[in-house]
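Trainee: I would be grateful for a close look at a single part of this structure, set in the context of what surrounds it. Please give the account in one connected answer.

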Amino acid sequence: MKSTPPMIVHDRSVWLAADLGASRSWVRPLSDGCQDEIEAGVRKAVAAGKTYTDVGITDFPLPRTRSMLREVFDDLENGAGFSVIGDFPVDRFTYEESLIGYAGVSAHLGKLVDQSYAGAMKADVKDMGLAYGKDVRGYHSNAMLRFHTDGAVLTGLLCLQSAVDGGQSVLTSSGAVSNAILAERPDLYAILLEGFHHHRRGEHAPGDNPISPAPIPVFAFYDGLLHCTYDRNQSLWSAEEGIVFSARQIEAMDYTDAVMARPEYQLHMEMRKGDIQYVNNFTVMHSRTEYRDSATQKRHLVRYWIDVPNGKRKGLTTRDLYVRDGRLELEKP
């Protein structure tokens with residue numbers, strides 16, 4: 001992997017919302033036959049005593065669904081950087097069975113990886129009545145979340161239940177944002193190439209550095225490919241550990257957020273029960289609108305982080321700050 005100069009991105013990862021067609025036209029629904037073979041895989045795994053962390057492609061060959069999953073992978077690796085599968089049969093399964101089926105589908109895209117220093121392999125995204133902050137993960141609140149990237153190459157979200165109101169997922173093309181800032185404000189783009197420290201939020205061994213040992217670039221290019229890593233909150237929290245941000249660094253963050261706030265850059269996506277959304281964190285940043293539950297309907301998504309060992313993008317991710325095998329530094333070119 002070789003570091004290469006910044007450039008305008010011209011591949012399919014660059015898009016505006018209008019380029020993607022009508023709402024949900026990009027959802028790939030599972031047919032009845034595909035649902036049946038996923039269920040068969042779940043029943044076989046349960047009978048063998050397996051959990052969602054045990055299953056792989058050999059447990060879920062999915063001959064009817066495989067061609068669609070190849071298209072999903074192409075969307076993520078070479079296309080818009082996101083893909084949505086619809087009609088995953090959650091009503092056929094218990095919670096644990098849904099995890100197994102979801103893992104079986106995800107195994108065709110890459111390898112499930114842990115999301116924390118403690119080794120958590122999933123995150124239940126639901127409102128726990130907690131206020132979002134440095135010590136409370138955003139997925140345990142119902143708050144609006146800023147645009148950011150997650151820790152692994154791919155993020156998967158299975159919707160077990162939607163909110164009564166709100167809770168839309170909002171996506172933006174990192175390539176489109178990068179192109180806009182490089183063209184409009186190259187002075188600020190240079191700051192984004194240097195990047196920012198990130199707070200590790202307690203996900204490290206006692207005595208370890210609580211922040212990233214070096215700034216992580218917002219935009220970086222390796223082998224001519226864009227790699228985006230951005231989480232404004234996670235960066236600003238590092239000020240509590242003595243990191244001082246200049247006025248120009250704050251201006252660069254502000255300008256990045258302002259570009260992503262342009263309506264034409266935002267794809268708003270309703271998360272319906274049975275949807276599985278996958279995003280490539282190197283090429284797409286995601287946000288979420290605030291949402292409201294009721295006593296009988298509570299939004300519940302399950303998040304997996306997925307590595308792509310044979311993927312073409314190999315940059316540093318924020319997962320490397322959290323997990324025991326994290327690199328923290330990129331290999332030398």
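Mentor: Strands β5 (145-148) and β13 (284-288) run antiparallel and are joined by two bridges, where pairing requires that DSSP find at least two bridges between the strands. Strands here are DSSP runs of E with at least two residues, helices are runs of H or I with at least four, and both are numbered from the N terminus. The model is a predicted one, in which local features need pLDDT of at least 70 and side-chain atom pairs count only at pLDDT 80 or more, while totals for chains, interfaces and linings use all residues. Residues are numbered from 1 along each chain as its sequence is written, and side-chain values use heavy atoms, with hydrogens and water left out.

Within this pairing, H148 has H286 of β13 as its bridge partner. β13 also runs antiparallel to β8 (169-173), to which five bridges join it, and T172 stands opposite M285 there. Five of the five residues of β13 are buried, that is, under 20% relative accessible area, with exposed meaning over 50% and partly exposed the range in between (1.4 Å probe, protein chains only). V284, H286 and R288 point one way from the strand, whereas M285 and S287 point the other way.

β5 and β13 both contribute at least two residues to the lining of the largest cavity, as do β6 (154-161), α6 (232-236) and β15 (300-307). A cavity is a set of points, on a 1 Å grid over the protein atoms alone, where a 1.4 Å probe fits but cannot get out, and its lining residues have an atom within 4 Å of a point. Grid points are joined across faces, edges and corners, and a volume is the space filled by probe spheres set on the points. By this rule there are four cavities of 30 Å³ or more, and the largest has a volume of about 480 Å³. Its lining comprises 31 residues, and those nearest its centre are L145, H148, D150, H286 and R303. Both partners of the bridge described above, H148 and H286, are thus named in that central group. β5 supplies the largest share of this lining, four residues. By class the lining has nine nonpolar, 13 polar and nine charged residues, where Ala, Val, Leu, Ile, Met, Phe, Trp, Tyr, Cys and Pro count as nonpolar, Asp, Glu, Lys and Arg as charged, and the others, Gly among them, as polar.

The second largest cavity has a volume of about 60 Å³. Ten residues line this cavity, and P217, A220, Y222, T229 and L316 are the closest to its centre. Its lining divides into seven nonpolar, three polar and no charged residues.

Two of the residues just named, A220 and Y222, lie on one side of strand β9 (residues 219-222), with F219 and F221 on the other, and these four are all buried. Y222 has a relative accessible area of 11% and is therefore classed as buried. β9 pairs with β10 (residues 225-228) in the antiparallel sense over four bridges, and Y222 has L225 as its bridge partner. Two residues lie between the strands of this hairpin, in which D223 takes a positive phi near 55 degrees.

β13, β9 and β10 meet again around helix α4 (residues 174-184): together with β8, α5 (186-194) and α7 (247-260), they are included in what covers its buried residues. Contact in this sense means heavy atoms within 4.5 Å. Eight of the eleven residues of α4 are buried, so the helix is largely enclosed by the rest of the structure. The buried positions are S174, G175, A176, V177, S178, N179, A180 and I181.

β6 and β15, which help to line the largest cavity, each also supply at least two residues to the largest nonpolar core. A nonpolar core is a set of buried Ala, Val, Leu, Ile, Met, Phe, Trp, Tyr and Cys residues joined through side-chain atoms within 4.5 Å. Among its 35 residues, I85, F88, Y102, V105, Y278 and Y304 touch the most other members. The largest share, five residues, comes from α3. A second, separate core of 27 residues includes V9, V170, A180 and L226; A180 is also one of the buried residues of α4.

Key. On a 1 Å grid over the protein atoms alone, a cavity is a set of points where a 1.4 Å probe fits but cannot get out, and a pocket is an open set with protein on both sides within 12 Å along at least five of seven lines; lining residues have an atom within 4 Å of a point.
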